[in-house]
Amino acid sequence: MSETKQTIDRKETVETKPFIYDYTLEQLQGWMKENGEPAFRAGQLFDWLYVKRVTSFEDMSNLSKPLREKLDAQFRFVTLSEITRLESKDGTVKYLFGLHDAHAIETVVMRHNYGNSICVTTQVGCRIGCTFCASTLGGLKRNLTAGEIVAQVVTAQQLLDKTEERISSIVIMGSGEPFENYDATMAFLRIMIHEKGLNIGQRHITVSTSGIVPSIYKFAEENTQINLAISIHAPNDALRSKLMPVNRRFPFDDVMESLRYYIAKTGRRVTFEYALIGGVNDRPEHAEELGDVLQGLLCHVNLIPVNHVPERDYVRTPREDIFEFQRILEKKKINTTIRREQGHDIAAACGQLRAKHMESAR
Ligand code: SF4
């Protein structure tokens, strides 16, 4: 992956000093050099942050006291306060974390038979406006920094440390559009995959976008093994514009063209996320049309029975119709799965917990 240029501004005041989690190992090596320290100190610091997972410079006992003081003067830790924790019968845990500026974000940890995965949030709120999603109801408040995304994984891992469990995969599918917060998302990914840190396998990470076309082209050049998923949700331009206003900015055909480029460039398979909404996009003719559009593309379709958003009028697709949709796609040789629902009993759909929290705060 290419490194985005980001320097550490030493003029930051105590109140606005940056988060230590914002920086990649390479950037920390640069900081050490600038501060007259050997580069290997950055490796030691990285080890404290992501392997030992301490949350105070004071605890970093193999760094000199003056260095610890300097770090403390220039950087701060992200502290996520746990506002709410909901635990599902299936082991899914949903957190509502409070940030330093009183905003709240959701993070979900899911248990699978192959390990634990985490779904992280990249923005406070979202401006994309998908009509079936609660995250977008209050609009976009702000981007998260790389460190605030990192902190969701570190905090969840610290909680799992108690039972000696490990997070082994990451999906960037929480609130927000990661490709509208591109640099922070990429810095987060570089930190997550680093072998000297949490060392999450690239093939065990998926970034999901609503189809921000310029960022798809950019991502194609990143030389990474990280998976790409696209929220498609409709088989044509007109219906997609109704469900996802972002389609008016980046029309269906442009999204498909950018994906063809991505696949040709990387040789990697793309996942299409398709939320089935009763009577809206879940009819056999929609499946037929989608199957035709995806012909010949190295791809996979993931069908998601939509969660009820109380503010919207959508109903769930009956089970039999979901299977029929899958059958039609598979007949057209499109590999299709139905997402196993997790945490349904704790309203684990994107944004619902935060929406409730905002409502009660009002
Ligand atoms: S589905 Fe994702 S991109 Fe769409 S509004 Fe919700 S958070 Fe934003």
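Me: How many bridges join strand β8 (residues 205-209) to β9, and in which sense, parallel or antiparallel, do these strands run?

Reply: Four bridges join β8 to β9, and the two strands run parallel. Please bear in mind that this is a predicted model. One may follow the pairing residue by residue: the bridge partner of Val207 in β9 is Leu228.

Me: With which strand does β9 pair over four bridges besides, and which residue of β10 stands opposite Leu228?

Reply: β9 pairs in the parallel sense with strand β10, residues 270-276, again over four bridges. In β10, Val270 stands opposite Leu228. Leu228 thus has Val207 of β8 as a bridge partner and Val270 of β10 opposite.

Me: What should one keep in mind about the side chains of a strand?

Reply: In a regular strand, side chains alternate between the two faces of the sheet. As for the present case, β9 covers residues 227-231, and four of its five residues are buried.

Me: What unit do β8, helix α6 and β9 make, and of which hand?

Reply: To judge the hand, one looks with the strands pointing away from the viewer; a clockwise path from the first strand over the helix to the second is right-handed. Here β8, helix α6 (residues 213-220) and β9 make a right-handed β-α-β unit.

Me: Where is Asn223 found, and is this residue buried or exposed?

Reply: The general idea is to count neighbouring C-beta atoms within 10 Å: 20 or more make a residue buried, 12 or fewer make it exposed. Asn223 is found in the loop between α6 and β9. Because Asn223 has 9 C-beta neighbours inside 10 Å, this residue counts as exposed. Its phi is positive, near 55 degrees, although it is not a glycine.

Me: Where is the place of His233, and is His233 buried or exposed?

Reply: His233 lies in the loop between β9 and α7 (237-243). With 27 C-beta neighbours inside 10 Å, His233 counts as buried. His233 also has a positive phi, of about 60 degrees, without being a glycine.

Me: Which residues of helix α1 are buried, and against what do they pack?

Reply: In α1, residues 25-34, the buried residues are Leu25, Gln27, Leu28, Gln29, Trp31 and Met32. The buried residues of α1 pack against α2 (40-50). After α1 comes Gly36, with a positive phi near 70 degrees.

Me: With which residues is Phe19 in contact, leaving aside its neighbours within four places in sequence?

Reply: Phe19 belongs to the segment before α1. Its contacts outside that range are Phe75, Arg76, Phe77, Val78, Thr145, Gly147 and Glu148. Phe75 is 56 residues from Phe19 along the chain, yet their C-alpha atoms are separated by 5.5 Å. Since 18 other C-beta atoms lie within 10 Å of Phe19, this residue is partly exposed.

Me: Which residues come nearest to the ligand, and how is the shell around the ligand made up by class?

Reply: Of the 13 residues around the ligand, Cys126, Ile128, Cys130, Cys133 and Thr136 come nearest. The shell has five nonpolar, seven polar and one charged residues.

Me: Finally, how many helices and strands does the protein have, and what is its radius of gyration?

Reply: The protein has twelve helices and twelve strands. Its radius of gyration is 21 Å, close to the 21 Å that the globule rule gives for 362 residues, so the protein is as compact as a globular protein of that length. Along its principal axes, the C-alpha trace spans about 70 × 45 × 35 Å. Of the 362 residues, 43% count as buried.

Technical notes: Residues are numbered from 1 along each chain as its sequence is written. This is a predicted model: local features need pLDDT of at least 70, side-chain atom pairs count only at pLDDT 80 or more; totals for chains, interfaces and linings use all residues. Two strands pair if DSSP finds at least two bridges between them. A residue is near a molecule or strand if its C-beta atom, placed from the backbone, lies within 6 Å of it. Ala, Val, Leu, Ile, Met, Phe, Trp, Tyr, Cys and Pro count as nonpolar, Asp, Glu, Lys and Arg as charged, and the others, Gly among them, as polar. The radius of gyration is taken over C-alpha atoms; the globule rule is 2.2 Å times the number of residues to the power 0.38. Two residues are in contact if their C-beta atoms, placed from the backbone, lie within 7 Å.
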